[in-house]
Amino acid sequence: MIRYHAWIYPGAPAQDAPLTYRSNRIHVLRVQYFTVQNDGSLKFLLQDEDDLDDTENGFSAANLADLKAHCDEVLVTVSCSIAAFRAVYASGDRMQCFLATLITFCSQWDVAGIDLDLEGYAHWSQCDYGEYKRLVSDLGCGLRRCGRKLAICCPTDYTPENQPYAFRYDDIRDLPVDYITAMCYDYHYLDELGAPIAPLKWIHQWSCYLLSLCAPERIVIGLPSYSYRLDKRGQAVENITLEQAKKAGVYRSELRDQSSGEVIVDEEATTWVICDALSLTQKVQTAQHAGATQVSVWHLGGNDWLAV
């Protein structure tokens, strides 16, 4: 049996995320309640009833209670740029505050743990990577002492053999991480704009590689349910939801790319690359056939869940 995780973030266009997790069996919900600001301080993302367009699905006692009622585990996502992380590790006091705030929050609100999303891997120095491993070790140990878990988001590239970043899975598997989550999406930034978000063969390659390193219960394959539009004139990419693609009148299920299961609509000035229930289902099945027992879907709200 596959175990489903899914990410939720505040505000538009993902405001209707609860419709999906209330009507489908999702085991682990990863909800973004914190982001790290450029001065290294944590910003608590609260739901503001007067500004739901920007904050809906942010923290409130009612929101958290609803999440808990519809899953086995809630993980609190903390998003962080590399510039913000450098500000965190530049100060020992700031780092201790960072760790204490997150560990205390988990205990105070009885959530399963933290989902650490620190990206920008291409810009990491060896110093950044060393500090990242120290953070993961300290945070993972601190969470385990109070019976909590740590998930981390991890990079992918063209192939597992081609990993140009400082980040190394061989190092990470020895750290106190419960869910090593490989983000098997954004392939179009590796290949060329207009390409699929996650080709099936690519998902299979990465799934096999990761499962050769760690037990299946520690590996989570991150998969996309989002879509994007490419403005060919300016080469500008905008992530969109399936709902937005349908409102624009461009979704045509017959234009399905066999390599990814995604719908690709190529117009004169714009290319639309669209995920739907069928493409997500094919991606989950691909990971499962490689031996994966857990997947995490980016993101709930405005997008399809799996085909029934």
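Let's start in the loop that runs between helix 5 (92-109) and strand 5 (113-118), where Asp-110 has its place. In this predicted model, the backbone of Asp-110 takes a positive phi, near 50°, in a residue other than glycine. That is worth a pause, because most residues other than glycine have a negative phi. As for its surroundings, Asp-110 counts as exposed, because its relative accessibility is 51% and the cut-off for exposed is over 50%.

Now move back along the chain to the loop between helix 2 (52-55) and helix 3 (61-69), where you will find Asn-57. Asn-57 is not a glycine either, yet its phi is positive, at about 80°. Is Asn-57 buried or exposed? With a relative accessible area of 3%, Asn-57 is buried, because buried means under 20%.

From phi we can turn to omega. Most peptide bonds are trans, so the next two stops deserve a look of their own. One is the bond from Ala-12 to Pro-13, which is cis, with omega near 5°. To find Pro-13, look in the loop between strand 1 (3-8) and helix 1 (17-23).

For the other, follow the chain to strand 13 (294-298); His-299 belongs to the segment after this strand. Which residue is joined to His-299 by a cis peptide bond? The partner is Trp-298, and omega for the bond is about 5°.

Definitions and conventions:
Residues numbered from 1 in each chain as written. Predicted model: local features only at pLDDT ≥ 70, side-chain atom pairs only at ≥ 80, totals over all residues. Heavy atoms only, no water. Helix = DSSP H or I, 4+ residues; strand = E, 2+ residues; numbered from the N terminus. Buried < 20%, exposed > 50% of the residue type's maximum accessible area, 1.4 Å probe, protein only.
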